[in-house]
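Q: Please take a close look at one part of this model. Start at the surface, then go through the surroundings of the ligand piece by piece.

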Amino acid sequence: MSPGESLALSRHFVLHFLEHATRADVAVLDGVVVGAIVTRIEGKPGIFPWGAERMERTDAALDASSVAARAELRKARRWHVLDKEIEKAANVTSTALGEVELFLVSAKARGHGVGRLLWRAAMDYFARNSVTNCFLHTDSSCDMGFYDHQGFRRISEESLREASPTLRDMARRDVIGVDRPHEKLFLCVGPTVRSV
Ligand SMILES: CC(C)(COP(=O)(O)OP(=O)(O)OC[C@H]1O[C@@H](n2cnc3c(N)ncnc32)[C@H](O)[C@@H]1OP(=O)(O)O)[C@@H](O)C(=O)NCCC(=O)NCCS
């Protein structure tokens, strides 16, 4: 993909996380964004009503782009469907009504407490809204250490190689898993411990 297409695909992912978000906290240092945590409480209205429309525009631009960009967009959409399938199979919303959609700190700012502050803001938000457990999707390409440290446990673990029927079906229809057969997808649940 060209750099422009790559940027559009990144925008697609960010908009996907914002589309149903009910809260977002951003860490700023000297006027520069150095981290963010985007969260969602089941049943609450989203705070980015423009998300869907922007996503449509971004996807339309990608659809009109190169073959490679169109293939990446198809793959991204199937990943989103897959996430929902995994949630459904694990019946996660019966125990956790909050979701951490996106959590990251820029590489240069890591290890200095930025993530801790963002995480606390999100957990306090859940706790204030009587959400006692939350969940998140992650995979083996991510650093799981932070979530282990917060007491999260994996309730679902899918390997793209030893795929469930859902994953196998998606692999048949798409390139999913072919380029990253060892990758594992995790659904994690943990308590929303309120800070003092
Ligand atoms: C995960 C991430 C958000 C943490 O942000 P950070 O600003 O570096 O974290 P902090 O310095 O605030 O650390 C907060 C706490 O988590 C612990 N921690 C941070 N990274 C950890 C890791 N990889 N393993 C274990 N503990 C970790 C710290 O020791 C600290 O513990 P404490 O509160 O008991 O002192 C950041 O490393 C990141 O953006 N990583 C890349 C994106 C990513 O992997 N996101 C999550 C998976 S999708």
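A: Val26, Val28 and Val33 make a nonpolar patch on the surface, with an area of about 270 Å². Of these residues, Val26 lies in strand E1, which spans residues 23-29. The model is a predicted one.

Now the ligand. The shell around the ligand holds 17 residues. Val105, Gly115, Arg116, Asp143 and His149 come nearest. By type, the shell divides into seven nonpolar residues, seven polar ones and three charged ones.

Next, the elements behind the shell. Strand E3 (98-105), helix H4 (114-128) and helix H5 (145-149) each supply at least two of the shell residues. H5 gives the largest share, with four residues. His149, among the nearest residues, falls within the 145-149 range of H5. Val105 is also among the nearest, and strand E3 runs over 98-105.

The polar contacts come next. A polar side-chain atom of His149 lies 2.8 Å from an oxygen atom of the ligand. Arg110 also offers a polar side-chain atom, 3.4 Å from a ligand oxygen. Val114 takes part through its backbone: a polar atom there is 3.5 Å from an oxygen atom of the ligand. As for cover, the ligand on its own has 920 Å² of accessible area, and the protein covers 70% of that.

Conventions. Residues numbered from 1 in each chain as written. Predicted model: local features only at pLDDT ≥ 70, side-chain atom pairs only at ≥ 80, totals over all residues. Heavy atoms only, no water. Near = heavy atom within 4 Å. Polar contact = N/O pair within 3.5 Å; in protein donor to acceptor, adjacent residues only side chain to side chain. Areas by Shrake-Rupley, 256 points an atom, 1.4 Å probe, with all protein chains shown as cover. Nonpolar A, V, L, I, M, F, W, Y, C, P; charged D, E, K, R; others polar. Patch = residues over 30% accessible without salt bridge, like charges linked within 9 Å, V, L, I, M, F, W, Y side chains within 5 Å. Salt bridge = Lys/Arg side-chain N within 4 Å of Asp/Glu carboxyl O.
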